[in-house]
Amino acid sequence: ACYVKNDGPRPVAGRIAVRALEFASGVVTPLAAVAVALPAGAGASARFEIDLSAFDGSTHLLIAECIDDSGAVLSTNEMLFAPPSQLQLPTAVVSAGIAEAPNADGSIDVVVSASATALYVVLTSLAQGRFSDNAFALPPGTATVRFLPTGALDRSLLVSSLRAEHLQANLMPAPAARPYERPRAHLAA
């Protein structure tokens with residue numbers, strides 16, 4: 001069973017869109033769309049069922065988005081159904097580039113690119129601030145996030161220290177099986 005919850009001060013009406021992201025191809029397939037209407041206040045929740053019997057957690061990631069009636073995405077949840085060591089992830093190269101000039105609100109766009117599906121893409125920098133999204137799934141292609149500086153933007157520090165990492169690049173390969181060796185007797189002199 002799945003559930004959606006509204007802890008906000010206003011009622012929420014919209015839908016829950018549930019999709020599956022296939023690691024190998026980057027194809028996102030809709031699995032379900034559930035209409036929801038929740039009153040305001042803590043604890044307002046609704047349960048719903050989705051058939052996941054054909055869902056393979058080693059080859060797919062489940063994405064659930066709560067979308068209001070205006071089309072605004074209120075929340076996105078990316079869920080693994082297998083431990084990272086069991087995921088069949090493609091080898092992905094992830095890179096990030098920074099816009100030449102900041103936006104009117106003082107933020108600056110960061111374009112993140114992936115050659116193949118990358119999970120838990122994490123951006124870090126020595127520049128003071130935060131990214132509008134972090135630790136996200138990225139199908140092959142690009143996504144734009146914003147860097148929101150704390151105080152004045154130090155673009156040169158952001159450019160020189162920006163790092164883009166992801167899960168597959170940090171997984172340890174499985175240790176090679178070693179043949180059994182009989183323990184050697186140790187003789188004391």
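Which residue in E5 is the bridge partner of Glu22? In this predicted model, the partner is His60. The pairing belongs to a longer register. Strand E2, residues 12-22, and strand E5, residues 60-68, run antiparallel and are joined over nine bridges.

These two strands sit within an open sheet of four strands. The strand order is E3-E2-E5-E6, and the pairing is antiparallel. Strand E3 (28-38) and strand E6 (73-79) form the edges. Each of these edge strands pairs on one side only. Neighbouring strands of the sheet are turned against each other by 15° on average, direction ignored. In general, strands of a sheet pair through backbone hydrogen bonds, in either the parallel or the antiparallel sense.

Backbone geometry was examined next. Most residues other than glycine have a negative phi. Tyr120 has a positive phi of about 50°, although it is not a glycine. Tyr120 lies in strand E9, which spans residues 118-124. Its relative accessibility is 32%, so Tyr120 counts as partly exposed. Ala135 also has a positive phi, near 55°, and is likewise a residue other than glycine. Ala135 is placed in a loop, between strand E10 (129-131) and strand E11 (136-138). With a relative accessible area of 36%, Ala135 is partly exposed. A positive phi is thus found for Tyr120 within a strand and for Ala135 within a loop.

Side-chain contacts between charged groups were then considered. The structure holds six salt bridges. One of them joins Arg155 and Glu100, with an N to O distance of 3.7 Å. This pair links distant parts of the chain, 55 residues apart. Arg155 is in helix H1 (residues 155-161). Glu100 is in the loop between strand E7 (94-98) and strand E8 (108-114). The two partners fall into separate accessibility classes. Arg155 has a relative accessible area of 25% and is therefore partly exposed. Glu100 reaches 69% and is therefore exposed.

A salt bridge also connects Arg146 with Asp105. The closest N and O atoms of this pair are 3.2 Å apart. Arg146 lies in strand E12 (residues 141-149), whereas Asp105 lies in the loop between E7 and E8, so the contact ties together parts that are 41 residues apart in sequence. Arg146 is partly exposed, because its relative accessibility is 33%. Asp105, at 54%, counts as exposed. The loop between E7 and E8 therefore contributes Glu100 to one salt bridge and Asp105 to another.

Arg163 and Glu165 provide a further example. Their side chains meet in a salt bridge with an N to O distance of 2.5 Å. Arg163 is partly exposed, with a relative accessible area of 46%. Glu165 is also partly exposed, at 27% relative accessibility. Some salt bridges share partners. Through such sharing, Asp105, Asp109 and Arg146 are joined into one network.

Definitions and conventions:
Residues are numbered from 1 along each chain as its sequence is written. This is a predicted model: local features need pLDDT of at least 70, side-chain atom pairs count only at pLDDT 80 or more; totals for chains, interfaces and linings use all residues. Side-chain values use heavy atoms; hydrogens and water are left out. Two strands pair if DSSP finds at least two bridges between them. Axes are lines fitted to C-alpha atoms, for helices over the stretch in contact, and angles run from 0 to 180 degrees between N-to-C directions. Buried means under 20% relative accessible area, exposed over 50%, partly exposed in between (1.4 Å probe, protein chains only). A salt bridge is a side-chain nitrogen of Lys or Arg within 4 Å of a carboxyl oxygen of Asp or Glu.
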